[in-house]
Amino acid sequence: MYDLALKNGFIVNENEIYLGNIYIQDEKIVEISLADKPANEVYDVSGKYLLPGCIDTHCHFRDPGATAKEDFTTGTQAAIAGGVTTVFDMPNTNPSVLNEQDLLQKVNYFAPKAFADYGIWGLSLGEINLGDLPRLCEAGASAVKFFWGYAINAKTKALIYNYNPKDEDIIPPLGDGEVYEIFEQMAKTGKIIAIHAENIELIQTLTKRLQQSGKKDYEALIQSRPALAEALTIQTASLLAKATGARLHILHLTSKMGMEAVAQAKANGVNITAETCPQYLFLSAKDYDSVGPMMKVYPVIKHEEDRLALWQGLKNGTIDFIASDHAPHIISEKQGDLFSIPAGMCGVETMLPLMLNEVNNGHITLPFLVKVMAKNVADIYNLPNKGNLEIGKDADIVVVDMNKVDTIENEKLHSKQPLTAFAGRKIKGWPIKTFLRSQLVVDNNKICQDKACGKWIK
């Protein structure tokens, strides 16, 4: 007898939808058929769709170091409530993940807190930890991130997001030669080097110019961090990747110009992949008057032509998948002057509902959704047990009601600081149950496991 059966559901993979029963044993999918077989636990999901658990490789869960904003428990509960069963935690916490020891400490620290399976990013700071990158990758880091153009606090090794050359105890942003050495080292590991692609020299020049002008509207914010800043960095990184043989990934792609740079790099044979995020697919500058400062994120949300171009790039394969860049702040911090408030918002819980709504609107299909939220991610990051509903895969399954209509509301989110730019948006199509390796963790937006059940993916 099987441990679990989900019966009479429409099973969705990246190429097809078909009616069937999924049978699970020892946390794995062991049979998919129309046969009616017994199991210790049975769910009749007639009329519902069964999707593989989504994978979000871009989450800032703020733990340790800034747990007033989020922690790994609340962050992974938000993920699993939104149908995301695997998350990758970004490394710019305090302490950061700079070497093998940091990685393993964070693995153990997260173990009793994880309500989703998790990977952990490593962080590259140039010469500071250049020699540690191979062992960091060997120890099981999901990939390594480089914040291009960011300065570093010489004492704490923390990233500095608003760099002033006059500040003391600062390691300035790395030059191209130092970045070349990072790419060279990462090429030896075979793992991804992912970049936050913004050209700091251009941003500083344009920001100074706008400060002198006194402009403080949203268009001024875009002008201070334009698409050109993204495209310049992608072009440089692509050349370095081709020269060194590194696997390059572009994080949170925001613009038509940046997407064209990725397309050109792929055409030139660069080993490059790219992601975009829901905020760039569903919002543009024209929404600022109705949404307000909550939509401030870095890189900034740009114009409508960029939003439409990103959808085109996602559909034609230039952009490989979507991720949330989940980055909550204390709610009070997001109130104030546009140029002074921090950038970031909750995203991991609303990502799948937003995309399901697009399916109901006829803009995409469910198989395409699976492709860009699960299958492609699993392939790129070498997650052989994730990404599809097939025999032998982990039983990470999301039950979706495509007829359910509800509204995204801050109060319904599971994050510690529940605040999203999508509050008030009506959605048709919602995850109603989430199974993590056969365990029912979420039922109708309620966490139904008392203890963390997520595991580290090495």
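**Exercise 1.** Which strands does helix α4 lie across, and at about what angle does α4 run to β14?

*Solution.* First, the ground rules. This is a predicted model, where local features need pLDDT of at least 70, side-chain atom pairs count only at pLDDT 80 or more, and totals for chains, interfaces and linings use all residues. Residues are numbered from 1 along each chain as its sequence is written, and side-chain values use heavy atoms, with hydrogens and water left out.

Helices (H or I, at least four residues) and strands (E, at least two) are DSSP runs, numbered from the N terminus. Now pick out α4, residues 176-189: α4 lies across β10 (144-147), β14 and β15, at about 150 degrees to β14. Angles run from 0 to 180 degrees between N-to-C directions, and axes are lines fitted to C-alpha atoms, for helices over the stretch in contact.

Next, look at helix α7 (residues 227-244), which packs on the sheet and touches β14, β15 and β16 (272-276). Contact here means heavy atoms within 4.5 Å. The direction of α7 makes about 165 degrees with that of β15.

**Exercise 2.** Work out the strand order of the open sheet and find its edges.

*Solution.* Start with the pairing rule: DSSP has to find at least two bridges between two strands. The six strands then line up as β9-β10-β14-β15-β16-β17, with parallel pairing. β9 (122-123) and β17 (321-322) each pair on one side only, which makes them the edge strands.

Walk in from β9. Two bridges pair β9 with β10, and Gly122 sits opposite Val144 in β10. Between these two strands the chain passes through helix α3 (residues 133-138) in a right-handed β-α-β crossover (with the strands pointing away from the viewer, the path from the first strand over the helix to the second runs clockwise).

Step on to β14: four bridges join β10 to β14, with Lys145 opposite Ala194. Another four join β14 (residues 192-196) to β15 (residues 247-250), where Ile195 faces Ile250.

**Exercise 3.** Sort the side chains of β10 by direction, and say whether they are buried or exposed.

*Solution.* In a regular strand, side chains alternate between the two faces of the sheet. In β10, Val144 and Phe146 point one way, Lys145 and Phe147 the other, and all are buried (under 20% relative accessible area, with a 1.4 Å probe and protein chains only).

**Exercise 4.** Describe how α12 and α13 are arranged.

*Solution.* The axes of α12 (residues 351-360) and α13 (residues 366-380) come within 9 Å and cross at roughly 150 degrees. So α12 is roughly antiparallel to α13 (angles over 145 degrees count as that). For the contact residues, α12 brings several, including Met355 and Leu356, and α13 offers Leu369 and Val372, among others.

Key:
Buried < 20%, exposed > 50% of the residue type's maximum accessible area, 1.4 Å probe, protein only. Parallel < 35°, antiparallel > 145°, perpendicular 65-115°, else oblique.
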